[in-house]
Amino acid sequence: MQPKKSFALVNYDICNPKMCDHDEGRCAAASACTHKVIKQIDGLFEQPMIFQDMCMGCWDCIEACPLDAVSAKHVT
Ligand code: SF4
Ligand code: SF4
């Protein structure tokens with residue numbers, strides 16, 4: 001199997017579910033990922049995790065994150 005070349009990465013210094021959704025603490029990036037690769041596994045108001053091996057590199061999560069906490073990581 002080829003090694004993964006690109007995947008999304010959360011900057012946990014910036015990511016703050018309370019800031020991007022005051023009421024529900026829902027991660028917009030997780031909601032945007034139709035592949036369910038980025039998830040708030042510890043629940044609402046918790047930072048999301050990305051299952052990088054499964055990431056399709058579509059970058060919908062990057063566009064959805066209001067705090068620009070998600071970026072594309074390219075491994076060469
Ligand atoms: S990744 Fe972005 S949208 Fe998701 S909780 Fe963090 S700051 Fe909010
Ligand atoms: S790049 Fe696409 S597949 Fe990967 S976590 Fe973001 S939305 Fe999901």
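**View 1. Which residues come closest to ligand 1, and how many surround it?** Ligand 1 has 13 residues around it (each with a heavy atom within 4 Å of the ligand), and the closest of them are C15, C20, C27, A28 and C65. This is a predicted model, where local features need pLDDT of at least 70 and side-chain atom pairs count only at pLDDT 80 or more, while totals for chains, interfaces and linings use all residues. Residues are numbered from 1 along each chain as its sequence is written, chains are lettered from A and ligands numbered from 1 in the order in which they are written, and side-chain values use heavy atoms, with hydrogens and water left out. Two elements give two or more residues to the ligand 1 shell: α1 (17-20) and α2 (28-32). By type, the shell holds twelve nonpolar residues, one polar and no charged. Here nonpolar covers Ala, Val, Leu, Ile, Met, Phe, Trp, Tyr, Cys and Pro, charged covers Asp, Glu, Lys and Arg, and the rest, Gly included, are polar. The space that ligand 1 takes up is the largest cavity. A cavity is a set of points on a 1 Å grid over the protein atoms alone where a 1.4 Å probe fits but cannot get out, and a molecule sits in one if more than half of its atoms lie within 2 Å of its grid points.

**View 2. Now for the surroundings of ligand 2.** Around ligand 2 you'll find C33, H35, V37, I38, C55, M56, G57, C58, W59, D60 and C61. That shell splits into eight nonpolar residues, two polar and one charged. Ligand 2 takes up the second largest cavity.

**View 3. Pull back and the whole chain comes into frame.** Three helices and four strands make up the chain's elements (DSSP runs numbered from the N terminus: helices are H or I of at least four residues, strands E of at least two). Going along the sequence, they come in the order β-α-α-β-β-α-β. The C-alpha atoms fit a box of roughly 40 × 20 × 15 Å along the principal axes. The radius of gyration is 12 Å, which agrees with the value near 11 Å for a compact globule of 76 residues; it is taken over C-alpha atoms, and the globule rule is 2.2 Å times the number of residues to the power 0.38. Of the 76 residues, 28% are buried. Buried means under 20% relative accessible area, exposed over 50%, and partly exposed in between, with a 1.4 Å probe and protein chains only. Take the contacts (heavy atoms within 4.5 Å) between residues at least 6 apart in sequence: 59% of them join residues at least 24 apart.

**View 4. A close look at C27, one of the residues closest to ligand 1.** C27 sits in the loop between α1 and α2. Its relative accessible area is 9%, so C27 counts as buried. Skipping neighbours within four places in sequence, C27 touches I38, Q40 and P48. From C27 to I62 is 35 residues along the chain and 12 Å between C-alpha atoms.

**View 5. C33 belongs to the ligand 2 surroundings.** This cysteine, C33, is in the loop between α2 and β2. C33 is buried because its relative accessibility is 7%. Q52 is 19 residues away from C33 in sequence, with 12 Å between their C-alpha atoms.

**View 6. F7 on strand β1.** With a relative accessible area of 12%, F7 is buried. Beyond its neighbours within four places in sequence, F7 is in contact with Q52, C55, W59, S71, A72, K73 and V75. C20 is 13 residues from F7 in sequence, yet their C-alpha atoms are 22 Å apart.

**View 7. Two loop residues with positive phi, K36 and F45.** Most residues other than glycine have a negative phi. K36 has a phi near 55°, and its place is the loop between α2 and β2 (38-39). At 51% relative accessible area, K36 is exposed. F45 has a phi of about 70° and lies in the loop between β2 and β3 (49-50). F45 is partly exposed, at 33% relative accessibility.

**View 8. D13, in the loop between β1 (6-10) and α1.** D13 is exposed, with 76% relative accessible area. A69 is 56 residues from D13 along the chain, but the two C-alpha atoms are 8.2 Å apart.

Note on methods:
1 Å grid on protein atoms, 1.4 Å probe; cavity = no way out; pocket = protein on both sides within 12 Å on 5 of 7 lines; lining within 4 Å.
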